[in-house]
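Thanks for coming. I will talk about surface patches and salt bridges today, so please look at the structure first.

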Amino acid sequence: MSVSGKKVLIAVSGGIAAYKIHFLIRNFIKKGAEVQVIMTADAEHFVTKLSLSTLSKKPVYSDFYGDNGSWNSHVELALWADVMIVAPCTANTLSKMVHGMCDNLLIATYMSAKCPVFIAPAMDLDMYVHPSTKKNLELAESFGHTIIPAENGELASGLVGQGRMAEPETIFNVVEHFFNGESHLESLKGKTVLITAGPTYEAIDPVRFIGNHSSGKMGFSLAAEASKRGAKVILISGPSSQLIRDKNIELHRVTSAREMLSKVFEFYDRIDIGIASAAVADYAPKEVAKEKIKKNDENLTIELVKNPDILKTMGEKKTHQFLVGFALETQNEEENAKGKLEKKNLDMIVLNSLRDEGAGFKNDTNKIKIFTKTDKIEFNLKSKDEVARDILNFIENQLLK
Ligand code: C5P
C-alpha cells in the first residue's frame with residue numbers, strides 16, 4: 001500500500017510555516033494521492049488559495065459560505081478524507097481543536113472527521129513550551145491523534161529554538177508510513193526495553209539521605225518514546241516526581257541503588273535492550289542509623305561504602321542484550337565516555353557534558369553525543385523528548401546492522 005489513490009485532507013492554519021505546505025501538497029500529488037485543502041481565514045494572509053488550489057487541483061475552502069448562496073459542507077469534506085493533516089497547526093487552532101471551539105470551517109471539518117488526524121504544530125519557541133500548549137498537545141494525543149513534533153532551529157521571530165513546523169518531507173513520511181501499515185509507532189514491536197531513571201537516595205537515618213539532583217526526565221521521555229514505538233517497557237525509577245504518560249509502561253519505583261540493582265535483575269534475562277539513564281549514587285552510608293541522628297558534636301563523620309555498579313553488572317552478565325549507558329562528564333568527556341563503553345561492556349554510550357548549557361540533570365533540554373565502538377555522532381541542543389527519539393532511532397539502526 002502507498003499513498004496512491006488516498007484522499008488527503010490538508011488543513012492549513014495561519015502561521016508563517018504555511019508557505020511550506022506547497023511542498024507537502026506536491027509530494028502527495030506526485031505520489032498519486034488526492035488532496036483537498038481547507039484553511040482558516042488567517043492562513044490567507046500567508047498563502048493564497050490560488051497557489052494551493054493550482055497545486056492540489058481542487059478548489060480551496062476557508063468559509064462555510066460559497067458564492068451565490070451555496071455552502072461548503074464540512075461534513076462532506078470530513079467524511080471524504082482517509083486522513084486529515086493539520087499543518088501548520090497554530091496554538092490557536094490546536095486549542096480550538098482540543099476544546100471543541102467550533103467557530104470556523106477548519107474546526108467544524110475536524111470535529112466531523114472520523115479518519116486519523118495528524119497534527120504538525122508550528123509556533124514561536126515560548127508558545128511551544130507554554131504549559132497550555134503542552135497540555136493541549138497531550139489532549140490531542142489522548143484523542144488518538146498523531147503529533148508530528150515541531151523541530152529546533154531558526155524561527156520567523158529571529159529567535160532560535162523548538163517551534164519550527166516539521167519539514168514537509170517528515171510530515172509526508174509519517175503519513176506514508178501510516179498508509180504502509182508500518183506506523184513509525186510500531187518500530188520496536190516485540191522488543192522488551194528496560195530503562196533505569198532518576199536519582200537514588202541512600203539512607204543515612206530514618207529522615208535523611210544522600211542523593212543527587214537528577215529529575216528522571218530523560219528516562220521517562222525514553223520510556224514514553226519506546227512505548228509509543230510498540231515496545232514493552234519496564235521503567236525502574238529512583239525517587240522522581242515524573243509521571244508516566246502511557247499506561248502500558250510498567251513502572252517500578254525504588255529508592256536505593258541496591259533496590260534498583262535487584263529490581264533490574266528480576267527482568268534482565270528477558271529484555272532485549274537495557275538503557276541505564278539513572279544517576280545512581282556512587283556511595284551509600286555503611287550503616288543506616290535506626291534513630292534520627294542528634295546534632296550533638298561539632299563534626300559528624302559518616303562512613304560511606306561503594307554502591308554496586310548496576311550497569312557494569314549488566315555488562316558482565318550480558319548474553320544477548322543491547323546495552324546503552326549514559327555518561328555525564330565535566331572533563332576529558334569523550335575519553336571518559338569511551339572508557340566506560342569499554343569497561344562496562346556496553347554497545348553504546350550517550351555523553352552529556354555539564355559544560356554545555358542546557359544539558360544534563362534538571363533541564364528540559366539535553367545536548368548529547370553518541371559513541372559506539374566504531375561510530376560517533378553529535379546532536380544539537382534539543383528537548384528531552386526529541387533526544388529520546390534520536391537515541392531510539394540510533395539504537396534501532398544499530399539493531400538492524
Ligand atoms: O561510571 P558512571 O557512574 O559515570 O557511569 C554512568 C552510567 O552507569 C550511567 O548509565 C548510569 O546509569 C550507570 N550506573 C549504574 N550504577 C552505578 C553507577 C552508574 O548503573 N552505580
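**A surface patch and some charged pairs**

Ile 16, Tyr 19, Phe 23 and Phe 46 make up a nonpolar patch on the surface, and together they have about 420 Å² of accessible area. Before I go on, note that this is a predicted model.

Take one member of that patch, Ile 16. Where in the chain is Ile 16 found? It lies in the loop between strand 1 (7-12) and helix 1 (21-30). Ile 16 has a relative accessible area of 48%, and it counts as partly exposed because that class runs between 20% and 50%.

Now the charges. Side chains of opposite charge can pair when their charged atoms come close. How many salt bridges does the count come to? The count is 23 salt bridges, taking a side-chain nitrogen of Lys or Arg within 4 Å of a carboxyl oxygen of Asp or Glu. I will go through three pairs and one network.

The pair to begin with is Lys 58 and Glu 34, a salt bridge with the closest N and O atoms 3.0 Å apart. This pair links distant parts of the chain, 24 residues apart: Lys 58 sits in the loop between helix 2 (49-56) and helix 3 (74-80), and Glu 34 in strand 2 (residues 34-39). Lys 58 is partly exposed, at a relative accessible area of 21%. Glu 34 is partly exposed too, at 32%.

Next, Asp 309 and Lys 344. Their salt bridge has its closest N and O atoms 2.8 Å apart. Here again the pair links distant parts of the chain, with the two positions 35 residues apart in numbering. Asp 309 is in the loop between strand 15 (304-306) and helix 11 (310-316), while Lys 344 is in the loop between helix 12 (333-343) and strand 17 (348-353). Are these two side chains buried or exposed? Asp 309 is partly exposed, with a relative accessible area of 31%, whereas Lys 344 is buried, with 16%.

Then there is Lys 382 with Asp 390, a salt bridge whose closest N and O atoms are 2.9 Å apart. Lys 382 is buried, with a relative accessible area of 17%. Asp 390 is buried as well, at 14%. Both values fall in that class because buried means under 20%.

Last, the network. Which residues are linked in a network of salt bridges? They are Glu 225, Arg 229, Arg 389 and Glu 396.

That is what I have; please ask questions.

Methods. Residues numbered from 1 in each chain as written. Predicted model: local features only at pLDDT ≥ 70, side-chain atom pairs only at ≥ 80, totals over all residues. Heavy atoms only, no water. Patch = residues over 30% accessible without salt bridge, like charges linked within 9 Å, V, L, I, M, F, W, Y side chains within 5 Å. Areas by Shrake-Rupley, 256 points an atom, 1.4 Å probe, with all protein chains shown as cover. Helix = DSSP H or I, 4+ residues; strand = E, 2+ residues; numbered from the N terminus. Buried < 20%, exposed > 50% of the residue type's maximum accessible area, 1.4 Å probe, protein only.
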